[in-house]
Amino acid sequence: MPASTHKTLKIDGSTGEGGGQIIRTALSLSMLTGTPIEITNIRAGRAKPGLMRQHLMCVQASQQISNASVSGAHLGSTAFTFTPSTLQAGDYNFDIGSAGSTSLVLQTLLPALLFANADEHATSTVTITGGTHNPLAPTTDFLTEAFVPALAKLGMQIDIELQQVGFAPIGGGTIKATITPFLRRASASRLGLTERGKLVSIELVASVLNLEYDICKREIASAKATLIEAGIDDALITTRGNKLYGIGEGNTCYAKVTHEIADTQNHKEYHSEMFTLLGEKRSSAEKIGSRLSGLVKRYVFNTDALVDEYLTDQLLLPLAVAGGGAFSARVISEHSKTQAWLIQQFLSVEITLKVIDEQKTLVQVAC
């Protein structure tokens, strides 16, 4: 990473996708590079513009771990400035105060804490209270089963414990992340997820919080039957139902789809994609299960890319700070395009998106 010039970088928060992602990524990169930032037009195109409670917590948590000077950050604010100082590893506790996403707050802090006081004794813990299973945000399941294993391929070690589940509108969920310093910067592994090998397994999991367990059975049965009907071998599918611990109530299900990675030189490696859904009061368990299987079928049958939409934009920043790499993506969303643009405002990296066909793009990050 280049040394910061300490000149304030001005960022238009309405650029590209124009959502909270710009805030989170800008905070991460500001802390990593020591670059002061000024963000304006925050979430300008949203029904409720400005900082919501979750976004404000991202700012406040970033301020705490980097001893930053902040102005203008309050609920509803459409502009703020952030000037980081020294990153400090440690044990941190943050309460969003709503059902806002704990995952998105954690992802804001991870890059900085991976590089904070980078010695073997600088392990950090971050405990965050809020929503663990939110619409329009990665669930804790997604982090533990897809995001963290992908980062492990880069040599980044993060452990996430789901201590209590929280659904909207009550929240009350808690996650605890243990973050080991990223010491292998010079010899970091370059991510290579370009060629998909054979399908290894599909794990279907449904969970309920203070609801009838029968919902799990019906979601799983619906998803499994549809996948078998589509031609997926029954022997590749495993299923599991869970009763969750927490306040409030809710339902979530996911499919974990694992493929071999091709061209691994006689050493088998694997990549898992996660597809998650939340239960809806006006949708039957059978309908949710069918929707879940539809996401799996689109990924398994319509493309040979390894990385799906949501993991694509989440991998760009780790790749940019860990030495680069390449992967094949099913689709490049506006989120991903905005993420690539913003990363290149801070770092001397080149992110290229080479379209192979309608369902496959080669993403390359060169540092």
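Begin at strand S1 and strand S2 (residues 37-40), which run parallel and are joined by 4 bridges. The model on display is predicted.

**The first strand pair and its crossover**

Select strand S1, residues 9-12, and show its side chains. Leu9 and Ile11 form the covered face of S1, whereas Lys10 and Asp12 form the uncovered one. Keep Ile11 highlighted and look across to S2, where the bridge partner of Ile11 is Ile39. Next, add helix H1, residues 20-33, to the selection. Together, S1, H1 and S2 make a β-α-β unit, and this unit is right-handed.

**Within and after helix H1**

Stay on helix H1 and select Arg24. Which side chain of opposite charge is nearest to Arg24? It is Glu17, at 6.7 Å, and Arg24, although buried, has no salt bridge. A salt bridge would require a side-chain nitrogen of Lys or Arg within 4 Å of a carboxyl oxygen of Asp or Glu. Now display the surroundings of Arg24: with neighbours within four places in sequence left aside, the residues in contact with Arg24 are Gln54, His55, Cys58, Leu104 and Thr108.

Move on to the loop between H1 and S2 and select Thr35. Is Thr35 buried or exposed? Thr35 counts as buried because its relative accessibility is 11%, and the cut-off for buried is under 20%. Show Thr33 as well: the side chains of Thr35 and Thr33 make a polar contact at 2.7 Å.

**Strand S4 and its partners**

Select strand S4, residues 80-83. In a regular strand, side chains alternate between the two faces of the sheet. S4 follows this alternation: Phe80 and Phe82 point to one face and are buried, while Thr81 and Thr83 point to the other and are not.

Bring S2 back into view; S2 and S4 pair in the antiparallel sense over 3 bridges. The bridge partner of Ile37 in S4 is Phe82. Then add strand S3, residues 69-71, which pairs with S4 in the antiparallel sense, again over 3 bridges. Here, Val70 stands opposite Phe82 of S4.

**Strands S5 and S6**

Proceed to strand S5, residues 91-95, whose side chains also alternate. Tyr92 and Phe94 point to one face and are buried; Asp91, Asn93 and Asp95 point to the other and are not. Add strand S6, residues 124-130, which runs parallel to S5 and is joined to S5 by 5 bridges. To find the register, select Asp91 and look for Thr125, which stands opposite in S6.

**Helix H4 and the loop that follows**

Select Val148 in helix H4. Val148 counts as buried because its relative accessibility is 12%. Apart from residues up to four places away in sequence, Val148 touches Leu143, Ile158 and Ile160. For a distance across the model, select Val148 together with Ser348: these residues are 200 apart along the chain, and their C-alpha atoms are separated by 25 Å.

Finally, go to the loop between helix H4 (140-152) and strand S7 (158-164), and select Gly155. What accessibility class does Gly155 fall into? Gly155 counts as partly exposed because its relative accessibility is 27%. Add Ala322 to the selection: although 167 residues apart along the chain, Gly155 and Ala322 have C-alpha atoms separated by 8.6 Å.

Technical notes: Residues numbered from 1 in each chain as written. Predicted model: local features only at pLDDT ≥ 70, side-chain atom pairs only at ≥ 80, totals over all residues. Heavy atoms only, no water. Buried < 20%, exposed > 50% of the residue type's maximum accessible area, 1.4 Å probe, protein only. Helix = DSSP H or I, 4+ residues; strand = E, 2+ residues; numbered from the N terminus. Pairing = 2+ DSSP bridges. Right-handed = clockwise from strand over helix to strand, strands pointing away. Lys, Arg positive; Asp, Glu negative; His and termini not counted. Contact = heavy atoms within 4.5 Å. Polar contact = N/O pair within 3.5 Å; in protein donor to acceptor, adjacent residues only side chain to side chain.
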